[in-house]
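This note comments on side-chain contacts in the structure shown below. The points are numbered for ease of reply.

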Amino acid sequence: MASSGNYNIPRTKTFKRIYTEISHECIRRDGGAGSPERQSFNMASGECRQPEWRGGREERSERMFGRSDSVSRVTDRLVEMLDHVEKRVELLREHASAVEQERDALLTMLQTIESNKDMRFISEGEREEIEITADRLRSRTLTVEVTVTTPRNEIQKKALEQVNQYIDDLLVKFRVDVDSAKRTCQEYLNACLSESRGNIDQRFQAAIIECTADDQKKTRKRLESLLMTVFHAEERMRR
């Protein structure tokens with residue numbers, strides 16, 4: 001019995017030592033992943049592999065990591081899409097503003113044609129035909145409605161209403177006296193510029209200063225387009 005006990009003790013210690021060395025070797029092979037308790041060694045094949053844990057903490061941890069990684073990628077894609085939409089929105093606003101300005105320019109051109117001094121030198125029948133055609137084109141132009149809104153406070157709303165009233169009165173003035181209307185339009189435009197090029201209408205400047213930056217920019221482009229339209233119309237009339 002004594003010899004049998006002496007034989008079993010060193011054998012057990014030797015097996016534990018061998019198992020420990022094998023486990024450490026597995027850790028070195030796998031880059032340090034896992035712990036000796038979670039490594040398994042196939043004594044027959046000499047292979048070291050991770051055990052397959054089903055439904056344990058390892059599987060839940062991997063699922064959570066994968067979900068977090070997926071959410072991160074989805075968030076990046078959504079942010080990228082929002083950036084793209086933002087650019088398209090600004091482009092849409094610019095195009096809508098351009099259409100609105102073109103509409104105003106066409107209406108101004110029709111008014112300039114009707115108020116042209118050369119209308120006095122043509123026959124009554126021709127003048128009537130021109131007026132009928134101008135009315136038809138004006139009606140078709142007015143069917144186009146474009147509105148680009150901008151957030152404003154009460155002061156800015158009142159200022160914009162006043163600016164629009166000035167411009168509406170100016171459009172009426174173009175039908176009565178084109179030369180005087182051009183001078184007034186230029187004074188309005190000078191009030192919108194950071195560096196004045198000539199006379200400024202003080203009342204118009206006081207109103208435009210109270211407007212938002214978008215409204216100031218839009219009004220300046222509108223006045224520029226109005227002047228260019230009148231100049232081009234007069235050049236065509238001289239030919």
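1. Tyr188 is buried, its relative accessible area being 6%. In this predicted model, Phe204 is likewise buried, with a relative accessible area of 0%. Tyr166 and Phe204 are both buried. The ring centres of Tyr188 and Phe204 are 4.2 Å apart and their planes stand at 10 degrees, so this pair is stacked. The stacked class applies because planes under 30 degrees apart fall into it.

2. As to location, Tyr188 belongs to helix H5 (residues 178–192) and Phe204 to helix H6, so their pairing ties together parts that are 16 residues apart in sequence.

3. The count of aromatic pairs comes to three. One of them joins Tyr166 and Phe204, with 6.0 Å from centre to centre and 55 degrees between the planes, and is tilted. Tyr166 lies in helix H4 (residues 154–176) and Phe204 in helix H6 (residues 202–209), so this contact ties together parts that are 38 residues apart in sequence. Through ring pairs, Tyr166, Tyr188 and Phe204 are linked into a cluster.

4. Turning to charged side chains, the count of salt bridges comes to nine. Among them is the one between Lys218 and Glu100, at 2.7 Å from N to O. Lys218 lies in helix H7 (residues 213–238) and Glu100 in helix H2 (residues 57–114), so the pair ties together parts that are 118 residues apart in sequence.

5. Are the two partners of this bridge buried or exposed? Glu100 is buried, at a relative accessible area of 17%, whereas Lys218 counts as partly exposed, at 26% relative accessibility. The assignments follow because the buried class ends at 20% relative accessible area and the exposed class begins over 50%.

6. Asp104 merits separate comment. Its side chain meets that of Arg103 in a salt bridge of 3.8 Å, N to O; this pair qualifies because the cut-off is 4 Å. Asp104 also forms a salt bridge with Arg222, in which the closest N and O atoms are 3.2 Å apart. Arg222 lies in helix H7 and Asp104 in helix H2, so this second bridge ties together parts that are 118 residues apart in sequence.

7. Which residues make up the resulting network of salt bridges? Arg103, Asp104 and Arg222 are linked in it. Arg222 and Asp104 are both buried, and the relative accessible area of Asp104 is 15%.

Conventions:
Residues are numbered from 1 along each chain as its sequence is written. This is a predicted model: local features need pLDDT of at least 70, side-chain atom pairs count only at pLDDT 80 or more; totals for chains, interfaces and linings use all residues. Side-chain values use heavy atoms; hydrogens and water are left out. Helices (H or I, at least four residues) and strands (E, at least two) are DSSP runs, numbered from the N terminus. Buried means under 20% relative accessible area, exposed over 50%, partly exposed in between (1.4 Å probe, protein chains only). Rings of Phe, Tyr and Trp (its six-membered ring) pair if their centres lie within 6.5 Å; planes under 30 degrees apart count as stacked, over 60 as edge-to-face and the rest as tilted.
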